[in-house]
Each structure stands twice: as structure tokens, then as C-alpha cells.
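Please open the model in your viewer, with a cartoon for the backbone and sticks ready for side chains. The tour below moves from one selection to the next and says what is to be found at each stop.

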Amino acid sequence: MTPSMKSSATKIVALIALIGLALVPVIGSRAMVQDLFMVLTMLVLALNWNMLAGFAGLVSVGQQAFVGIGAYGMFAAVILWGLDPLIGIVVGGVVAMALSIPVAFFAFRLNGAYFAIGTWVASETVRLLVA
């Protein structure tokens with residue numbers, strides 16, 4: 001494959017956009033950073049939904065439990081343990097993964113509407129335990 005002028009221009013534009021996004025916390029206002037964080041968080045959740053429902057064909061209504069538990073794990077690591085926020089993100093991911101293993105053991109045995117109901121029950125169970 002020979003790189004074309006269009007592909008080279010696309011790579012340059014993508015690199016400039018990536019550098020611009022990396023500089024937003026330095027040159028942008030606090031409100032801009034918070035809005036961008038919220039938009040990117042919603043984008044990740046939409047990608048999560050697309051991967052599960054679009055590619056795998058499984059309609060899940062329980063992924064908010066994993067997002068919430070991961071957020072609780074991250075904030076516990078940062079606030080209670082005094083870890084760096086970037087390390088806290090990894091800790092939150094590990095906590096959400098630890099919850100997902102037993103839930104997946106039961107949920108992936110279900111099909112169709114039963115899978116949706118099973119993930120909903122798992123989500124409500126986590127909500128009740130946290131509350």
C-alpha cells in the first residue's frame with residue numbers, strides 16, 4: 001500500500017487535533033474541560049452500548065452498575081487512599097472488572113429478553129447494595 005496525499009493530510013490533521021485535545025486542560029477554561037469530559041464520557045458509554053447491542057446482539061440494561069462501581073472504586077482510591085487520579089482510574093477499572101466476572105458467569109447463559117432482564121436485575125442488585 002502506497003500512502004497517498006489524502007492519507008498523509010488526514011494523519012497530520014489527526015495529529016493536530018490530538019495535540020489540541022491534549023492542550024485543552026492547559027489553555028481551556030474549567031467549564032470547557034468539564035463539558036468535554038462529560039461529552040467524552042457519554043461517547044464511551046455509547047461505544048459500550050454499540051459494542052454490546054450492535055456487534056454482539058445483546059441488549060443490556062445493566063452496564064450502569066459497572067460504570068458506577070468503577071467510579072466508586074476510582075474515588076475511593078483517590079480520596080481515601082490518596083493515590084494519583086491516573087492510578088485511581090486503573091483501580092476503578094479493576095474494581096468494575098472484579099464485579100463483572102461473577103455477573104458475566106450468570107448473565108451470558110441467558111439469551112434475548114432474558115439477558116436484558118438478567119442484567120437489569122444485576123444492576124438493581126448493585127444499586128440496592130450500594131444504597
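Helices here are DSSP runs of H or I with at least four residues, numbered from the N terminus, and the expected span of a helix is 1.5 Å times one less than its number of residues. Before selecting anything, note that this is a predicted model, in which local features need pLDDT of at least 70 and side-chain atom pairs count only at pLDDT 80 or more, while totals for chains, interfaces and linings use all residues. Residues are numbered from 1 along each chain as its sequence is written, and side-chain values use heavy atoms, with hydrogens and water left out.

**First stop: helix 5**

Select residues 113-130, which form helix 5. At 1.5 Å a residue, its 18 residues should span 26 Å, and the C-alpha atoms at its ends are indeed 26 Å apart, so the two values agree. Now show the side chains of F115, A116, T119, A122, S123 and V126, which are buried, a word that stands for under 20% relative accessible area, with exposed meaning over 50% and partly exposed in between (1.4 Å probe, protein chains only). If you look down the axis of helix 5, its buried residues fall within an arc of 125 degrees, so they line one face of the helix; the arc is taken from the directions from the helix axis to the C-beta atoms. Add helix 3 and helix 4 to the view, since both are included in what covers these buried residues, where contact means heavy atoms within 4.5 Å.

Turn to the other side of helix 5, where A113, Y114 and L128 are exposed. A113 has a relative accessible area of 52%, and its C-alpha atom is 8.9 Å from that of L58, although the two residues are 55 apart in sequence.

**Second stop: helix 2**

Select residues 30-55 for helix 2, whose 26 residues should span 38 Å at 1.5 Å a residue, and whose end C-alpha atoms lie 36 Å apart, which agrees. Just beyond the helix, pick G57, which follows helix 2 and has a positive phi, near 75 degrees. Within helix 2, select M51, which counts as exposed at 55% relative accessibility. A distance drawn between the C-alpha atoms of M51 and I87, 36 residues apart along the chain, reads 26 Å.

**Third stop: two neighbours in helix 3**

Select Q63, found in helix 3, which counts as buried at 16% relative accessibility. Leaving aside residues up to four places away in sequence, Q63 touches N48 and W49. Then select Q64, also found in helix 3, which is partly exposed, with a relative accessible area of 43%.

**Last stop: the largest pocket**

A pocket is an open set of points on a 1 Å grid over the protein atoms alone, where a 1.4 Å probe fits and protein lies on both sides within 12 Å along at least five of seven lines; its lining residues have an atom within 4 Å of a point. Grid points are joined across faces, edges and corners, and a volume is the space filled by probe spheres set on the points. The largest pocket has a volume of about 1,100 Å³. Of its 31 lining residues, select L45, F66, V67, G70 and A71, the closest to its centre. Which helix gives the most to this lining? Helix 4 does, with ten residues. By class the lining has 20 nonpolar, eleven polar and no charged residues, with Ala, Val, Leu, Ile, Met, Phe, Trp, Tyr, Cys and Pro counted as nonpolar, Asp, Glu, Lys and Arg as charged, and the others, Gly among them, as polar.

Methods: Helix = DSSP H or I, 4+ residues; strand = E, 2+ residues; numbered from the N terminus.
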